[in-house]
Structure formats: structure tokens, C-alpha cells
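Dear colleague,

Please find below the structure that I am handing over to you. My notes on it follow directly after.

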Amino acid sequence: MAVLCRLLVTLLSLGALCGAEPVKFLECESTAEQIIVDITPCPLQPCQLRKGQMYNVNVTFTSTTSSSTSKADVHGILSGIPVPFHIPNSDGCKSGIKCPIQKNGRYSYVTSLPVKDIYPTVKLEVKWELKDDDNKDIFCWKIPIQITD
């Protein structure tokens, strides 16, 4: 019975992963190649992010540069003005990436995005950058989102 339960949990987990669709994004100043962005849950775009919820962000990419460090920089863009968006851990080396980053290496950056209750209900664009030792973008992407109650 225990084996059957483990098998069922594994199959359900795989089904959830297979159902995940990469989001469409606008690339900006990226040096990385083969970028895939997944935000869970985000079944439709613009992503509807509910206040008080946590969202998983997974960016898979091939680096075209080497770097001993990586740091995420996230902004919400409202009427053309970038507003810093706090994430729990901006250190990419503690977010799924095994540092140092090697040129031509394939990596998965994994983090969470908390949507605080104090955020206004608004449509905006999120700009997500991962920067190298020289503060240059390893990857940069933008997506439209809507923060909802």
C-alpha cells in the first residue's frame, strides 16, 4: 500500500510539471541563450498574481559568460518608472545555480516571488535580471502581470 501511495504521489507530481507551460516574455539585454521562463501558477498571460500568495519562478538558461557570483534584480515597471520588487533571496548562487557560473553551462535559477497584501491592485510589467560579477545582465526578461485581490 505504501508503495502504491508513493507511486501515486510521484505520478501526480510529474503530471503537474508536465502541465506547466513556459510563459511568453520579452528578452532585454540578455547575454544568456535558450532562456525558458516558468512562473507557477500562471496558466494565462498576463499572469494574475494574487495578493498574499507566493509564486515560483524557474528560469532555465545557457550562460555565455563566466561569473563567480550572480545577483537578481527585480523591478515592477509602472508608467515607465521602475519600482524595486523585493524577493526573499537575491543571491542566484543560493537559488539553484551552482556557482561559479561557467561559460556554455546550462543552469536553472529557482526562486519565489511573494506578492504582499500591501501591493496595489494594478497591471504592470515585471523586469527580472540576473547580474554577473561586473553587474552585467546574464539574463533579463519582462512579462506583463496583474496584481489582484
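How many bridges join β4 to strand β7, and in which sense do the two run? In this predicted model, β4 and β7 (residues 106-114) run antiparallel and are joined by 9 bridges. Within that pairing, Asn58 has Val110 of β7 as its bridge partner. Strand β4, which spans residues 54-62, also pairs with β2, again in the antiparallel sense, over 6 bridges. There, Ile36 finds its bridge partner in Thr60 of β4. Strand β4 is thus paired with β2 and with β7. As a general point, side chains in a regular strand alternate between the two faces of the sheet.

Overall composition

The protein chain contains 1 helix and 9 strands. Read from the N terminus, the order of elements is α-β-β-β-β-β-β-β-β-β. The chain has 149 residues, and 40% of them are buried. Among contacts with a separation of 6 or more, 68% are between residues 24 or more positions apart. The accessible surface comes to about 8800 Å², and carbon and sulfur atoms hold 58% of that surface.

The loop between β1 and β2

This loop lies between β1 (26-27) and β2 (33-40), and Ser30 is placed in it. Is Ser30 buried or exposed? Its relative accessible area is 19%, and the limit for a buried residue is under 20%, so Ser30 counts as buried. The side chain of Ser30 reaches the backbone nitrogen of Cys140 at 2.7 Å. Beyond its neighbours within four places in sequence, Ser30 is in contact with Ile35, Ile138, Phe139 and Cys140.

Glu29 belongs to the loop between β1 and β2 as well. Its relative accessibility is 54%, and because the exposed class begins over 50%, Glu29 counts as exposed. The phi angle of Glu29 is near 50°, a positive value in a residue other than glycine.

The loop between β6 and β7

Two residues of this loop deserve a note, namely Asn104 and Pro100. Asn104 has a phi near 70°, which is positive although the residue is not glycine. Asn104 is exposed, with a relative accessible area of 58%. For Pro100, the point to record is the peptide bond that leads to it from Cys99, which is cis with omega near 5°.

A further cis peptide bond

The peptide bond from Thr40 to Pro41 is also cis, and its omega is near -10°. Pro41 is located in the loop between β2 and β3 (47-50).

A nonpolar surface patch

Which residues form a nonpolar patch on the surface? They are Leu78, Ile81 and Val83, and together they have about 230 Å² of accessible area. Val83 is part of strand β6, which covers residues 81-84. With a relative accessibility of 37%, Val83 falls between the 20% and 50% limits and therefore counts as partly exposed.

In closing, I would draw your attention to the antiparallel pairing of β4 with β7, to the buried Ser30 and its side-chain approach to the backbone nitrogen of Cys140, and to the cis bonds that lead to Pro41 and Pro100.

With kind regards

Methods. Residues are numbered from 1 along each chain as its sequence is written. This is a predicted model: local features need pLDDT of at least 70, side-chain atom pairs count only at pLDDT 80 or more; totals for chains, interfaces and linings use all residues. Side-chain values use heavy atoms; hydrogens and water are left out. Helices (H or I, at least four residues) and strands (E, at least two) are DSSP runs, numbered from the N terminus. Buried means under 20% relative accessible area, exposed over 50%, partly exposed in between (1.4 Å probe, protein chains only). Contact means heavy atoms within 4.5 Å. Accessible areas come from the Shrake-Rupley method with a 1.4 Å probe; for residues, only the protein chains shown count as cover. A polar contact is a pair of N or O atoms within 3.5 Å; within protein, one must be able to donate a hydrogen and the other to accept it, and residues adjacent in sequence count only if both atoms are side-chain atoms. Two strands pair if DSSP finds at least two bridges between them. Patches are made of residues with over 30% relative accessible area and no salt bridge: like charges are joined within 9 Å, nonpolar side chains (Val, Leu, Ile, Met, Phe, Trp, Tyr) within 5 Å. A salt bridge is a side-chain nitrogen of Lys or Arg within 4 Å of a carboxyl oxygen of Asp or Glu.
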